[in-house]
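Take a walk through this model, starting from a single residue pair and working outwards.

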Amino acid sequence: MKIRSRFLLFLLSSYIAILLVGISYQVSTYRLFSGYLYDSVSETFYSSVGSFTNSIKSLEQLSVTIMANELTQNYLREELLSENSFARTRSREELMLNLSIYTLINPHLKEIILIDSRGNLYNANTNNKSISHYEEFVMGSTLQDTIALQGKYLWSKWESEPTFLILSRKINLIGNYLVQPEAVLFHFVDIEKLLEDNLPQIKSYGLKTSIYYEGDLFYSRLIDDSAYIRQEMENIRYKTVWINGEPHFATRIKTNDKTWEFFFLIPTKELFQDMYRINRIIYLIYLLLFIVFTVLIVRTIQRITSPIIELSKEMKIIDETDFVSTIPLKLPQNASEEVELLYYEFYQMINKIDTLVNKNLKQQLSLNQSQLESLSNQLNPHFLYNTLDSLYWMAELNKQPEMALMVKSLSKLLRSSLNKDDPLITVKGQLDLLNDYFSIQKIRFKERLEYTIDVESELYDKKIPRFTLQPLVENSIKYSLEKKGSQCLIDVIIHRSETAEGMDIRIRDNGPGVSQDKGRSENPGIGLANLQQRLSLLYGSIGKFEINSHAGEGTEIVIFIPYAKEMEE
Amino acid sequence: MIQVLLVDDEEFSQKGMENLVPWEQWNCEIAAVASNGVEALEIINSQKIDLVFTDIKMPEMDGLELIREVNNINSGIDFVIITGYGEFEYAQKALRYGVRNYLLKPVGISEIEETLLKLTRNRIPDLEVQESPESCEIDIESFVEEIMVSVTQKNWNKISEILLAFIKDISSRNCSLEQTRIHAINLLSLLIKNEVIYSNEKTLLLAGEIGSADNQSVIYNILKDQIMMTQNQGERSFSKKMNPHVQKVLIYLIKHYKDKNLTLKWLSENIAYVKSDYLGKLFLSETGKTFAQYLAEFRIARAVEYQKQNPAIPVYDLAKLCGYRDNVSYFIQQYKKITGMTPAEFASSSVVNT
């Protein structure tokens with residue numbers, strides 16, 4: 001794994017951990033808070049319901065007060081006993097006036113209606129008639145029910161005017177009267193107003209309400225299906241109810257005498273509006289922090305790793321170019337002090353290596369060059385070859401074919417060794433030179449020297465370094481022929497390598513050989529050592545230089561030469 | 001006779017070249033010898049010279065200057081540069097002056113002869129269309145024996161000499177190119193028989209190359225390279241040897257393609273002594289072509305060659321020369337199939353080239 005991604009992963013995971021802790025803290029706070037909120041909301045409802053029922057009670061009380069009122073008693077008495085219609089009318093007028101004052105005093109009491117035993121209907125109202133068509137309701141079954149209750153109050157609702165609750169009561173004479181007049185009072189109570197006064201928050205928060213009286217739905221506000229909610233909330237004081245796919249916090253409150261039952265619903269959204277707003281802001285801050293952190297982290301990491309990556313690239317280039325190009329390292333922008341130091345040190349090192357290599361190479365080159373040049377300068381090539389040419393023709397003229405052949409072969413070898421243009425030569429060219437070399441040696445040693453050459457013909461055009469074969473053959477001749485004094489057999493074999501792209505060159509002789517432990521490699525001839533050095537310089541570890549030798553069994557030298565690159569052309 | 005001028009300031013080189021190279025065998029004659037460029041120019045201006053061997057580094061006027069001067073006067077003279085210098089810029093300059101032969105000192109006799117072989121082929125009258133003269137018969141066996149001796153001694157110089165002698169022998173008898181090829185093929189088959197050249201799939205190509213060589217120099221080089229190359233290869237490289245029946249058939253085909261009745265059946269009965277369908281299969285697997293196909297291609301290649309030498313040759317004669325004795329229309333049909341042209345079309349197009 002790259003250091004950059006490891007860094008990034010580490011920082012991101014720690015960031016996510018912090019984020020998780022934050023979120024879980026927030027969630028638990030929210031839980032706690034919502035509990036408190038629910039409690040306080042339902043507390044409010046309880047107190048509201050308390051004052052609401054007080055208002056109801058006071059209304060009920062009011063109706064009793066009205067009945068016990070002297071004017072009411074007077075009216076009832078006149079109604080029952082007096083034959084004087086004027087007196088009856090006057091007492092009724094007085095009562096009605098009195099009643100209308102009640103409606104003025106009590107803000108929830110909209111109207112009071114009186115129905116006498118003859119079925120006449122009178123209303124007490126200071127304003128103009130505010131409620132219309134109540135006649136049918138008032139004269140309907142409610143009247144009979146009220147009369148049947150014999151002075152007990154009756155709460156009832158009015159379908160066509162749902163904002164009104166009606167409190168009705170039969171009024172009678174106080175005292176021991178055998179006959180009682182049948183008059184009934186209807187109090188019209190504005191329930192909405194009553195609710196508003198006792199629960200001022202009803203207008204805000206989208207509060208929804210249902211009110212039941214003795215199991216009968218008396219009032220509902222913003223609720224379509226009150227029965228459903230009542231069923232849901234059975235025996236439960238509060239819970240979350242879903243209406244139209246929206247969660248609502250619902251509370252159920254029953255009065256102590258179990259007659260009234262209230263349902264309050266607040267959309268959770270409304271309740272937690274502020275909470276949600278705060279949450280949103282917090283999440284936004286989280287996101288912003290995340291982005292800022294990520295950018296910062298990535299940039300920081302890049303600042304650390306990219307100079308390292310750059311440096312490794314530079315190293316690779318330098319490695320590939322063999323220190324040839326000492327490109328000035330360009331320091332990445334905004335590099336930190338440590339990186340700058342790293343670059344500086346690396347640059348210093350490269351320079352040092354380069355200087356060393358150059359120094360060595362130049363020394364070597366100048367040495368070789370001067371050697372070669374001094375040789376060339378000492379002998380003018382034109383003079384040399386003209387002389388050899390003359391020598392050749394002299395030999396031919398004097399019928400000395402061996403000498404002629406030697407001169408010719410020697411000339412070719414000389415020409416090749418003085419050639420400094422191309423360090424490589426084709427296998428074929430090298431074989432021709434080898435044959436020249438053998439020609440000379442054959443003339444010297446006659447039958448004592450025998451050789452075979454075995455080269456795969458596909459390899460003829462491949463290139464190998466100059467003087468690869470000759471030092472090997474020279475070495476073989478030196479050891480096996482000049483020392484032993486008997487016949488020397490040399491095999492030169494050049495085959496394609498089976499393992500790598502290149503060729504194996506084998507030179508075998510039947511010389512004395514040496515045992516493995518103190519092989520020739522310890523003290524190889526100058527030519528052989530030179531060749532070994534040259535090959536390892538040219539091919540590095542790819543090349544191969546093996547000496548297999550056993551005492552009395554001859555020697556085999558194997559070298560591997562990879563195909564030169566330009567060869568494919 | 002080709003008039004040769006030698007230009008060299010070295011006395012021994014001059015003398016040796018003049019006396020030891022068998023000039024007359026190459027239809028050449030030393031017209032004059034000069035020791036510098038000025039002298040040489042005078043000679044060229046005063047007498048007819050066809051071929052000049054010149055050194056480069058000489059007093060007064062060097063070889064390259066001489067060539068430039070002569071090219072200014074008249075062309076038609078071939079130059080061979082002999083020099084101790086192998087430097088690139090010299091060779092380049094020489095090439096610019098149209099010199100293609102560049103020999104490095106010391107130059108051996110056989111190298112000069114090889115150059116002569118290459119240069120004089122245009123000047124030797126050869127390639128008579130008629131059947132070979134009786135005189136054109138040489139003792140190939142003796143050449144083969146000499147080669148075998150040299151090979152065992154690994155005397156490569158000697159092999160060049162023997163091959164040159166072989167070519168000279170052929171030339172001296174006024175043999176046609178066709179005859180030269182047949183002699184070369186015979187030599188090759190004897191060398192194969194004596195295992196101087198190993199028989200393998202490449203030998204076939206070699207026989208084909210000799211069969212289509214258009215001068216003696218090419219034939220010489222093929223033989224020489226092949227002998228050298230085989231000697232540089234151990235026997236182990238020759239896993240696949242060419243089938244001897246096919247080899248026999250092939251050599252016969254190259255020699256006798258003019259025979260009208262050259263059929264696989266006849267060859268199988270009289271040359272290879274195997275059944276004809278077996279021979280056919282062998283031939284196909286060795287050459288990649290059926291016998292009929294190979295024969296047709298070989299014959300048409302010969303026809304093309306005859307036409308190159310003599311564009312005016314009548315189609316009837318051409319067909320006859322290539323073994324289509326009585327069937328000219330079949331010949332034209334085959335010709336067109338292989339070359340994409342009719343003989344007449346080819347003749348008109350090749351006039352320009354020659």
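Y212(A) has L217(A) as its bridge partner in β7(A). The model is predicted, so read every feature here with that in mind. The Y212(A)–L217(A) bridge joins two strands of chain A. Strand β6(A) covers residues 208–213, and its pairing with β7(A) is antiparallel, over five bridges.

Step back to the sheet. Strands in a sheet are held as pairs by backbone hydrogen bonds, in a parallel or an antiparallel arrangement. Here five strands of chain A make an open sheet, ordered β7-β6-β10-β9-β8, with antiparallel pairing. Why do β7 and β8 of chain A each have one side without a neighbour in the sheet? Both stand at the edges: β7 (216–221) and β8 (238–243) have a single partner strand each, so one side of each stays unpaired in the sheet. From one strand to the next, the twist averages 25°.

Now add a helix. Helix α1 of chain A spans residues 3–68 and lies across β8, β9 (246–254) and β10 (260–267) of the same chain. Its angle to β9(A) is about 40°.

Turn to the cores. Nonpolar side chains tend to be buried together in soluble globular proteins. The largest nonpolar core holds 72 residues, and L5(B), I147(B) and L188(B) have the most contacts inside it. Helix α7 of chain B (residues 156–172) gives this core its largest share, eight residues. A second core is separate and has 46 residues, among them I66(A), L109(A), F164(A) and L199(A).

Finally, look around L188(B). Leaving aside residues up to four places away in sequence, L188(B) touches I197(B), L206(B), A207(B), I210(B) and L223(B).

Notes: Residues are numbered from 1 along each chain as its sequence is written. Chains are lettered from A and ligands numbered from 1 in the order in which they are written. This is a predicted model: local features need pLDDT of at least 70, side-chain atom pairs count only at pLDDT 80 or more; totals for chains, interfaces and linings use all residues. A nonpolar core is a set of buried Ala, Val, Leu, Ile, Met, Phe, Trp, Tyr and Cys residues joined through C-beta atoms within 7 Å. A residue is buried if 20 or more other C-beta atoms lie within 10 Å of its own, exposed if 12 or fewer, and partly exposed in between; C-beta atoms are placed from the backbone. Helices (H or I, at least four residues) and strands (E, at least two) are DSSP runs, numbered from the N terminus. Two residues are in contact if their C-beta atoms, placed from the backbone, lie within 7 Å. Two strands pair if DSSP finds at least two bridges between them. Axes are lines fitted to C-alpha atoms, for helices over the stretch in contact, and angles run from 0 to 180 degrees between N-to-C directions.
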